[in-house]
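Student: I would like to take a close look at one part of this model, going slowly from strand to strand. Could you walk me through the sheet and what surrounds it?

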Number of protein chains: 2
Amino acid sequence: MPSTGRPDQKPRLYLLGAGVSFPEHLTLRTLDILAACNRICSNLPQSDLDLLPSNLRSKCRSLWSIYQENRNRTENYMDVSQAVLQAADTEPPVAWLTPGHPLIFDSVSQNLLKSGRARGWNVEVEPAISCVDTILAEVGYDPANGLLIYEAYALVMQRLPIIPSSATLLLQPSAFGSDLTHYQSQWAPDLSPLRDYLLRYFNSAHPCAFVRSHSLRGAAPQICWKPLGELASASAQDTAGSTLFVPSAQSAGSAGQQQGAP
Amino acid sequence: MPSTGRPDQKPRLYLLGAGVSFPEHLTLRTLDILAACNRICSNLPQSDLDLLPSNLRSKCRSLWSIYQENRNRTENYMDVSQAVLQAADTEPPVAWLTPGHPLIFDSVSQNLLKSGRARGWNVEVEPAISCVDTILAEVGYDPANGLLIYEAYALVMQRLPIIPSSATLLLQPSAFGSDLTHYQSQWAPDLSPLRDYLLRYFNSAHPCAFVRSHSLRGAAPQICWKPLGELASASAQDTAGSTLFVPSAQSAGSAGQQQGAP
């Protein structure tokens with residue numbers, strides 16, 4: 001799917017998504033590409049990569065050790081990108097396999113796309129199942145009625161506009177207010193600035209849901225409904241790995257009821 | 001992934017997505033569920049269903065014949081829903097397999113979710129690759145910078161607000177202004193009301209792209225850039241099956257350049 005770059009050449013680097021639930025969200029096409037690559041670089045933990053069939057497993061290189069705890073996220077991303085570019089330089093074709101969809105909230109993939117194309121490489125991006133896909137499935141919401149997607153912290157910092165007549169998905173509430181990485185520690189964000197910002201648009205009884213999709217086969221998703229006024233009382237466990245779903249002002253009553261909101 | 005309904009019961013009805021490019025966008029999980037169902041109802045054409053492995057093919061029932069040309073879309077959708085509910089009633093578990101993601105712009109799936117749960121059934125929705133996923137991959141845009149999704153005709157009819165600082169995806173421009181079905185005929189919509197509405201937010205040189213993802217293996221996506229002022233000159237071929245990508249006001253210059261806009 002080479003939309004730009006050098007479509008006349010074979011891809012040197014594939015940006016692939018592992019989906020939210022691994023390995024069951026892998027598509028047939030992604031599996032075919034993985035099989036055709038010489039090297040699979042990934043930020044999935046080794047325990048996930050061990051679930052792949054042996055012909056793929058032997059080509060995998062987990063870059064997880066490059067992500068350092070309590071470090072600035074951007075610095076980690078640059079180091080990981082550098083390692084993938086180096087692999088694509090020396091043993092192409094290379095696959096970068098990242099959780100979710102490669103271009104939905106993924107700074108490393110965005111770096112790789114720009115850097116790879118700047119080098120004249122054919123970089124192919126393949127779609128995959130993202131947290132947007134799983135959350136819409138879990139809350140039963142069709143974006144035909146309007147959907148706005150933001151990063152939770154950017155919304156508040158940049159004072160971005162909300163459209164109360166549309167539903168809103170706010171990604172990464174668990175990292176709200178922090179540039180550092182919190183892979184292992186249960187760091188709890190202070191969501192009161194987010195609550196106060198949303199209160200400009202919705203009343204304090206407006207139901208909001210922290211949705212965490214299951215990442216293990218058979219595990220149920222976690223949907224934690226809170227009235228907006230109590231958003232900041234969410235625990236680290238409620239917010240970890242979640243996305244915040246804010247129904248539209250009109251449908252809030254029915255959406256909340258339908259999903260078992262209090 | 002039973003978020004509501006009767007999670008204690010086994011699902012009677014699965015709402016599944018075929019992805020945009022069939023069958024290569026099918027996930028391992030979707031294939032597992034299809035194998036476990038007694039009946040697969042689908043609105044994919046028979047020629048697509050024939051691509052499935054024989055153990056699945058023999059269980060398929062294409063409901064494509066229910067979709068009547070030049071009829072009100074809603075009436076077609078009700079008849080198809082009715083046929084699926086009947087199958088789920090008599091030979092469960094049943095899968096409904098629809099193009100894209102089952103809850104992204106899919107009235108039949110939304111009907112089935114509501115009607116099934118109203119009957120006390122456990123209806124399970126599985127995420128799949130939608131046109132939102134393919135288009136973001138094709139234009140190389142990460143919604144971390146903000147993304148607003150609307151139905152193109154609803155935007156204009158309901159005078160919904162646009163946020164120029166975010167990118168916008170407008171779905172189904174090919175059906176703009178028509179409630180009728182145009183499966184076979186090359187019906188060209190009059191997009192001038194859409195152009196005029198968007199001109200309230202962007203200047204006439206603002207680049208917009210009709211993106212049609214490839215639905216056949218190996219086929220390249222079609223990305224047709226137009227300055228907003230010339231939106232209504234798009235041909236039926238440009239718009240058929242496409243989604244309109246409108247970059248943010250800030251990034252329009254670079255986005256256009258990056259994607260080869262004129």
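**The sheet of chain B and its surroundings**

Tutor: In this predicted model, a good place to start is a single pair of residues, for in β3(B) the bridge partner of Ile40(B) is Cys60(B). That pair belongs to a wider match, in which strand β2 (residues 39-42) of chain B and β3(B) run parallel and are joined over three bridges. Helix α1 (residues 28-36) of chain B packs on the sheet, where it touches β1 (13-17), β2, β4 (94-98) and β5 of chain B, and its direction makes about 140° with that of β1(B). Helix α4 (residues 73-90) of chain B, in turn, lies across β1, β2, β3 and β4 of chain B and runs at about 155° to β4(B).

Taken as a whole, the sheet is open and has five strands with parallel pairing, arranged in the order β3-β2-β4-β1-β5 (chain B). Because β3 (60-62) and β5 (123-125) of chain B each have a single partner strand, they stand at the edges, and one side of each is left without a neighbour in the sheet. From one strand to the next, the twist averages 20°.

Strand pairing also links the two chains, since β6(A) and strand β6 (residues 147-151) of chain B pair in the antiparallel sense over three bridges. Within that pairing, Leu148(A) has Leu148(B) as its bridge partner in β6(B). As background, strands of a sheet pair through backbone hydrogen bonds, in either a parallel or an antiparallel way.

Definitions and conventions: Residues numbered from 1 in each chain as written. Chains lettered and ligands numbered in written order. Predicted model: local features only at pLDDT ≥ 70, side-chain atom pairs only at ≥ 80, totals over all residues. Heavy atoms only, no water. Pairing = 2+ DSSP bridges. Helix = DSSP H or I, 4+ residues; strand = E, 2+ residues; numbered from the N terminus. Axes fitted to C-alpha atoms, helices over the stretch in contact; angles between N-to-C directions. Contact = heavy atoms within 4.5 Å.
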